Amino acid sequence: TWLSVVFKLHPFWINLNLINKTYLWKIKIKKEAKVGKNLTLTGMMGVGKSTIGKKLAKRLDYKFVDVDKIIEAEEGLSINSIFKSKSESYFRKIENDITLSELKKESTVIALGGGAFLNNTIRRSAKKLSVSFWLDVPIHELIRRLKKNNQRPLLSKKNITDTVKKIYFDRKKTYNEADFKIKCSSLKSDQIVSRILNLYENAGN
(Lines give C-alpha, C1' and ligand atoms only; values in the text may rest on other atoms or scores of the structure.)
Protein backbone atom coordinates (compact mmCIF):
# COMPACT_ATOMS: atom_id res chain seq x y z
CA THR A 1 0.00 0.00 0.00
CA TRP A 2 1.02 3.67 -0.28
CA LEU A 3 1.47 3.72 3.51
CA SER A 4 4.03 0.92 3.46
CA VAL A 5 5.87 2.65 0.61
CA VAL A 6 6.05 5.87 2.64
CA PHE A 7 7.24 3.95 5.68
CA LYS A 8 9.95 2.21 3.65
CA LEU A 9 11.11 5.53 2.23
CA HIS A 10 11.03 7.27 5.58
CA PRO A 11 14.49 6.04 6.66
CA PHE A 12 15.81 7.48 3.40
CA TRP A 13 14.30 10.86 4.26
CA ILE A 14 15.88 10.69 7.70
CA ASN A 15 19.28 9.85 6.21
CA LEU A 16 18.89 12.59 3.63
CA ASN A 17 18.00 15.03 6.37
CA LEU A 18 21.08 14.01 8.35
CA ILE A 19 23.25 14.37 5.25
CA ASN A 20 21.86 17.86 4.63
CA LYS A 21 22.48 18.89 8.23
CA THR A 22 26.01 17.50 8.10
CA TYR A 23 26.66 19.31 4.83
CA LEU A 24 25.39 22.59 6.23
CA TRP A 25 27.47 22.09 9.37
CA LYS A 26 30.59 21.55 7.25
CA ILE A 27 29.81 24.67 5.26
CA LYS A 28 29.46 26.63 8.49
CA ILE A 29 32.79 25.34 9.83
CA LYS A 30 34.45 26.08 6.52
CA LYS A 31 33.03 29.60 6.54
CA GLU A 32 34.25 30.26 10.07
CA ALA A 33 37.69 28.91 9.25
CA LYS A 34 38.05 30.62 5.87
CA VAL A 35 40.83 33.07 5.14
CA GLY A 36 39.49 36.47 6.10
CA LYS A 37 40.35 40.11 5.95
CA ASN A 38 42.65 41.27 8.70
CA LEU A 39 41.25 43.01 11.75
CA THR A 40 43.21 46.06 12.89
CA LEU A 41 43.03 47.84 16.24
CA THR A 42 44.12 51.45 16.64
CA GLY A 43 43.86 53.98 19.44
CA MET A 44 45.82 55.64 22.20
CA MET A 45 48.44 53.90 24.27
CA GLY A 46 46.81 52.19 27.23
CA VAL A 47 43.40 51.52 25.65
CA GLY A 48 43.90 47.74 25.70
CA LYS A 49 44.68 46.93 22.07
CA SER A 50 46.83 43.94 22.99
CA THR A 51 44.39 42.52 25.54
CA ILE A 52 41.41 42.87 23.20
CA GLY A 53 43.44 41.74 20.19
CA LYS A 54 44.47 38.46 21.80
CA LYS A 55 40.88 37.65 22.71
CA LEU A 56 39.67 38.50 19.21
CA ALA A 57 42.33 36.31 17.63
CA LYS A 58 41.35 33.40 19.85
CA ARG A 59 37.66 33.75 18.99
CA LEU A 60 38.37 34.02 15.26
CA ASP A 61 41.17 31.44 15.25
CA TYR A 62 43.42 34.11 13.71
CA LYS A 63 47.04 34.97 14.36
CA PHE A 64 47.60 37.87 16.76
CA VAL A 65 50.29 40.45 16.07
CA ASP A 66 51.42 43.30 18.34
CA VAL A 67 53.55 45.54 16.12
CA ASP A 68 55.36 47.15 19.06
CA LYS A 69 56.37 43.72 20.38
CA ILE A 70 57.77 42.72 16.98
CA ILE A 71 59.83 45.92 16.86
CA GLU A 72 61.16 45.33 20.37
CA ALA A 73 62.09 41.74 19.50
CA GLU A 74 63.89 42.74 16.29
CA GLU A 75 65.74 45.65 17.88
CA GLY A 76 66.47 43.97 21.19
CA LEU A 77 65.30 47.16 22.92
CA SER A 78 62.10 48.49 24.47
CA ILE A 79 60.18 51.13 22.52
CA ASN A 80 61.17 53.64 25.17
CA SER A 81 64.87 52.78 24.70
CA ILE A 82 64.60 53.00 20.90
CA PHE A 83 63.18 56.52 21.20
CA LYS A 84 65.94 57.56 23.60
CA SER A 85 68.93 55.93 21.93
CA LYS A 86 68.01 56.04 18.24
CA SER A 87 65.27 58.68 17.84
CA GLU A 88 61.56 58.69 17.10
CA SER A 89 62.14 58.98 13.33
CA TYR A 90 64.17 55.75 13.42
CA PHE A 91 61.34 54.03 15.27
CA ARG A 92 58.70 55.33 12.83
CA LYS A 93 60.64 53.96 9.85
CA ILE A 94 60.78 50.48 11.39
CA GLU A 95 57.15 50.73 12.45
CA ASN A 96 56.15 51.62 8.89
CA ASP A 97 57.99 48.68 7.33
CA ILE A 98 56.84 46.06 9.83
CA THR A 99 53.22 47.23 9.90
CA LEU A 100 52.92 47.22 6.11
CA SER A 101 54.43 43.74 6.01
CA GLU A 102 51.96 42.40 8.60
CA LEU A 103 48.99 44.00 6.84
CA LYS A 104 49.80 42.02 3.69
CA LYS A 105 49.17 38.77 5.56
CA GLU A 106 45.72 37.24 6.00
CA SER A 107 43.52 36.19 8.90
CA THR A 108 45.45 38.29 11.39
CA VAL A 109 44.43 40.55 14.26
CA ILE A 110 46.90 43.43 14.34
CA ALA A 111 47.40 45.76 17.31
CA LEU A 112 48.95 48.93 15.92
CA GLY A 113 51.23 51.23 17.85
CA GLY A 114 49.49 54.31 19.22
CA GLY A 115 50.88 56.61 16.54
CA ALA A 116 50.91 54.22 13.58
CA PHE A 117 47.50 55.18 12.21
CA LEU A 118 48.75 58.76 11.76
CA ASN A 119 51.09 57.46 9.05
CA ASN A 120 49.22 58.01 5.76
CA THR A 121 50.69 54.90 4.14
CA ILE A 122 49.85 52.66 7.07
CA ARG A 123 46.36 54.12 7.35
CA ARG A 124 45.59 53.60 3.66
CA SER A 125 46.86 50.02 3.80
CA ALA A 126 44.90 49.30 6.96
CA LYS A 127 41.73 50.62 5.32
CA LYS A 128 42.35 48.54 2.20
CA LEU A 129 43.59 45.28 3.71
CA SER A 130 41.71 45.12 7.00
CA VAL A 131 38.64 46.12 8.92
CA SER A 132 39.87 48.80 11.33
CA PHE A 133 38.60 49.63 14.81
CA TRP A 134 39.36 52.63 16.98
CA LEU A 135 39.27 51.70 20.65
CA ASP A 136 38.30 54.93 22.39
CA VAL A 137 38.71 55.44 26.13
CA PRO A 138 37.88 58.71 27.95
CA ILE A 139 40.85 60.92 28.74
CA HIS A 140 40.43 60.72 32.51
CA GLU A 141 40.58 56.91 32.33
CA LEU A 142 43.60 57.01 30.02
CA ILE A 143 45.44 59.29 32.44
CA ARG A 144 44.65 56.97 35.34
CA ARG A 145 46.01 53.96 33.43
CA LEU A 146 49.09 55.68 32.05
CA LYS A 147 50.21 57.08 35.37
CA LYS A 148 50.95 53.48 36.33
CA ASN A 149 53.29 52.96 33.35
CA ASN A 150 56.64 54.69 32.93
CA GLN A 151 57.54 52.92 29.68
CA ARG A 152 55.62 55.16 27.27
CA PRO A 153 58.15 57.25 25.31
CA LEU A 154 55.90 60.19 24.46
CA LEU A 155 54.70 60.81 28.01
CA SER A 156 56.20 63.46 30.24
CA LYS A 157 55.90 62.33 33.82
CA LYS A 158 56.16 65.96 34.96
CA ASN A 159 52.84 66.81 33.34
CA ILE A 160 51.20 63.61 32.20
CA THR A 161 47.67 65.07 32.20
CA ASP A 162 48.48 67.82 29.70
CA THR A 163 50.60 65.47 27.61
CA VAL A 164 47.85 62.85 27.28
CA LYS A 165 45.26 65.50 26.44
CA LYS A 166 47.47 67.00 23.73
CA ILE A 167 48.27 63.63 22.14
CA TYR A 168 44.62 62.54 22.25
CA PHE A 169 43.24 65.70 20.64
CA ASP A 170 46.02 65.74 18.04
CA ARG A 171 45.16 62.18 17.01
CA LYS A 172 41.41 62.05 17.52
CA LYS A 173 40.44 63.17 14.03
CA THR A 174 42.74 60.62 12.39
CA TYR A 175 41.66 57.78 14.66
CA ASN A 176 38.10 58.58 13.60
CA GLU A 177 38.98 57.50 10.05
CA ALA A 178 38.94 53.88 11.22
CA ASP A 179 36.03 51.83 9.89
CA PHE A 180 34.45 51.60 13.33
CA LYS A 181 34.73 53.41 16.65
CA ILE A 182 34.27 51.42 19.85
CA LYS A 183 33.53 53.41 23.02
CA CYS A 184 35.12 51.24 25.67
CA SER A 185 34.43 53.24 28.83
CA SER A 186 31.43 51.30 30.14
CA LEU A 187 32.26 47.92 28.63
CA LYS A 188 34.17 44.91 29.95
CA SER A 189 36.77 43.36 27.67
CA ASP A 190 34.52 40.46 26.63
CA GLN A 191 31.75 42.91 25.75
CA ILE A 192 34.18 44.91 23.62
CA VAL A 193 35.27 41.72 21.86
CA SER A 194 31.68 40.68 21.15
CA ARG A 195 30.82 44.10 19.77
CA ILE A 196 33.86 44.12 17.49
CA LEU A 197 33.15 40.59 16.25
CA ASN A 198 29.58 41.49 15.39
CA LEU A 199 30.69 44.51 13.37
CA TYR A 200 33.55 42.59 11.76
CA GLU A 201 31.36 39.69 10.66
CA ASN A 202 28.68 42.03 9.31
CA ALA A 203 31.34 43.87 7.34
CA GLY A 204 31.55 40.83 5.06
CA ASN A 205 33.89 38.47 6.93
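The following paragraphs describe a buried strand residue, a tyrosine that it touches, and a pair of packed helices in this predicted model.

The account begins with Thr-108, which belongs to strand S3, spanning residues 108-111. Its relative accessible area is 1%, and because anything under 20% counts as buried, Thr-108 is classed as buried. Apart from neighbours within four places in sequence, Thr-108 is in contact with Asn-38, Leu-39, Tyr-62, Lys-63 and Val-65.

One of these partners, Tyr-62, sits in the loop that runs between helix H2 (49-60) and strand S2 (63-66). Tyr-62 has a relative accessibility of 13% and therefore also counts as buried. Tyr-62 and Val-109 are separated by 47 residues in sequence, yet their C-alpha atoms are 6.5 Å apart in space. The side chain of Tyr-62 is also joined to that of Tyr-200 by a polar contact of 2.8 Å.

Attention now turns to two helices. Helix H7 (residues 139-146) packs with helix H8 (residues 160-175) at an angle of about 125°, and their axes are 10 Å apart. H7 is therefore oblique to H8, since the angle falls between the range of 65 to 115 degrees for roughly perpendicular and the limit of 145 above which helices count as roughly antiparallel. The crossing of H7 past H8 is right-handed. On the H7 side, the contact is made by Ile-139, Leu-142, Ile-143 and Leu-146, while H8 contributes Ile-160, Thr-161, Val-164, Lys-165, Tyr-168 and Phe-169. By character, the residues of this contact comprise 8 nonpolar, 1 polar and 1 charged.

Notes
Residues numbered from 1 in each chain as written. Predicted model: local features only at pLDDT ≥ 70, side-chain atom pairs only at ≥ 80, totals over all residues. Heavy atoms only, no water. Helix = DSSP H or I, 4+ residues; strand = E, 2+ residues; numbered from the N terminus. Buried < 20%, exposed > 50% of the residue type's maximum accessible area, 1.4 Å probe, protein only. Contact = heavy atoms within 4.5 Å. Polar contact = N/O pair within 3.5 Å; in protein donor to acceptor, adjacent residues only side chain to side chain. Axes fitted to C-alpha atoms, helices over the stretch in contact; angles between N-to-C directions. Parallel < 35°, antiparallel > 145°, perpendicular 65-115°, else oblique. Left-handed = near helix turned anticlockwise from the far one by under 90°. Nonpolar A, V, L, I, M, F, W, Y, C, P; charged D, E, K, R; others polar.
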